[in-house]
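Here are my notes for when you open this one up. I've put them in the order I'd go through them on screen.

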Amino acid sequence: MSTRSQVSPGFLLAFGGWRRTAALTALAPLLLCLAVSDVAAQKRCAGGAVDVTADTAEERQFACQAAVHAIELLSRCEIALRQPIKLAIRPEVRHPLNGPIFGSFDTRGEVALITDSGHISALLKGTPYAELPRQEFYRSLIVHEVVHGIMHQNMLRPASTHAAYEYPAYALQIASMPEAVRKLILQRYKPADLSSEILFNDVILFFDPYFFAARAYTHFAAAADGCELLRGLLRGEAQFIAPSMM
Ligand SMILES: [Zn+2]
């Protein structure tokens, strides 16, 4: 759940580490072991289409189910998975400038990076999502990042704003939740604010991503054809998103 598409600093550190191993030959056997165990942790989900790297079989299984849910939600809109999606569950995912975050989609590596469930509570503290059932929130977080991945595979024109990039991920994240959980999110806001006609924009996204998320779901769910809104985003056509100010 980040607007960022950059490779996480964690990834860069790891990559830098690999380069340094050329000189640090004494450490090579140890690093090789780490690399092998990491590769071994990546598994393809039953039914194919999703590859998950995680420490435990339970985490992989959970991520697989959430990813399949995201694939189903988009397939209802005739937005299909074009190639297997990769998920990496990590103890920490960092924003290049803002420190630890829930997750992000790395468009260069085409991998969804998700903070592992054991480290989510600390990130949730003080946010409007802190009161949500932890497991339901975590499932929706994976849906969010997988939606980014599938939209990325189908994008005909790159999103010109962060708002255009995040709208489908937030709308479907909240759509993926059980109704009772979704209610907990929506009831925080006045209905008139959620259905406001103000264009979705990067300023609201930046200052209040939780409100942006609730509005995105409300707008998507109320649309005569929500799927067409998502397909419009793939074509770079979305009248409901404010144009880039850059
Ligand atoms: Zn996002």
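The points below start with confidence and overall make-up, then go through the strands, the helices, the core and a few loop residues.

1. Confidence first. This is a predicted model, and the average pLDDT over the protein chain is 86, with 83% of the residues scoring at least 70. The stretch to watch is residues 3–40, where pLDDT stays under 50. For that stretch the model has 30 contacts beyond four places in sequence. I'd keep that in mind when you look at the N-terminal part.

2. Overall make-up. The protein chain has 11 helices and 7 strands. Of its 246 residues, 36% are buried. Taking contacts with a separation of 6 or more, 71% of them link residues 24 or more positions apart.

3. Strand pairing. β2 and β3 run parallel and are joined by 4 bridges. β3 also pairs with β7, again in the parallel sense, over 5 bridges. Lys 86 is a handy marker for both pairings: Asp 51 stands opposite Lys 86 in β3, and the bridge partner of Lys 86 in β7 is Val 111.

4. Handedness. Which way does the β-α-β unit made by β2, α3 and β3 turn, left or right? The unit comes out left-handed. I'd look at this one on screen, with β2 (50–53) and β3 (85–90) in view.

5. Helix α3. This helix covers residues 57–75. Its 19 residues reach 27 Å from first C-alpha to last, close to the 27 Å expected at 1.5 Å a residue. The buried positions are Glu 59, Arg 60, Ala 63, Cys 64, Ala 66, Ala 67, Ala 70, Ile 71, Leu 73 and Leu 74. As general background, an α-helix has 3.6 residues a turn, so residues three or four places apart point the same way. The buried residues of α3 pack against three strands and two helices: β1 (42–44), β2, β3, α5 (134–154) and α6 (162–175). Note that Glu 59 and Arg 60 are on the buried list too.

6. Start of α3. Is Ala 57 buried or exposed? Ala 57 is exposed, because just 10 other C-beta atoms lie within 10 Å and the cut-off for exposed is 12 or fewer. Lys 43 is 14 residues away from Ala 57 in sequence, and their C-alpha atoms are 9.2 Å apart.

7. The core. The largest nonpolar core has 59 residues, and those with the most contacts inside it are Ala 67, Ala 70 and Leu 87. Elements giving two or more residues to this core are β2, α3, β3, β7, α5, α6, α10 and α11.

8. Ala 67 in detail. Why does Ala 67 count as buried? Ala 67 has 28 C-beta neighbours inside 10 Å, and 20 or more is what it takes to be buried. Leaving aside residues up to four places away in sequence, Ala 67 touches Cys 45, Val 50, Ile 85, Leu 87, Ile 142 and Val 146. Ser 140 is 73 residues from Ala 67 in sequence, yet 9.4 Å away in space, C-alpha to C-alpha.

9. Helix α10. Residues 209–222 form this helix, and its end C-alpha atoms are 20 Å apart, which agrees with the 20 Å that 14 residues should span at 1.5 Å a residue. Phe 212, Ala 213, Ala 214, Arg 215, Ala 216, Tyr 217 and Phe 220 are buried here. Those buried residues pack against helices: α6, α7 (179–186), α8 (191–194), α9 (202–207) and α11 (226–235).

10. Backbone checks. Most residues other than glycine have a negative phi. Two glutamates are worth a look on that score. Glu 78 has a positive phi of about 60° and is found in the loop between α3 and β3. With 10 C-beta neighbours inside 10 Å, Glu 78 counts as exposed. Glu 110 has a positive phi near 50° and lies in the loop between β6 (103–106) and β7 (111–115). Glu 110 counts as partly exposed, with 14 C-beta neighbours inside 10 Å.

Definitions and conventions
Residues numbered from 1 in each chain as written. Predicted model: local features only at pLDDT ≥ 70, side-chain atom pairs only at ≥ 80, totals over all residues. Expected span 1.5 Å × (residues − 1). Contact = placed C-beta atoms within 7 Å. Pairing = 2+ DSSP bridges. Right-handed = clockwise from strand over helix to strand, strands pointing away. Core = buried A, V, L, I, M, F, W, Y, C linked by C-beta atoms within 7 Å. pLDDT = per-residue confidence, 0-100.
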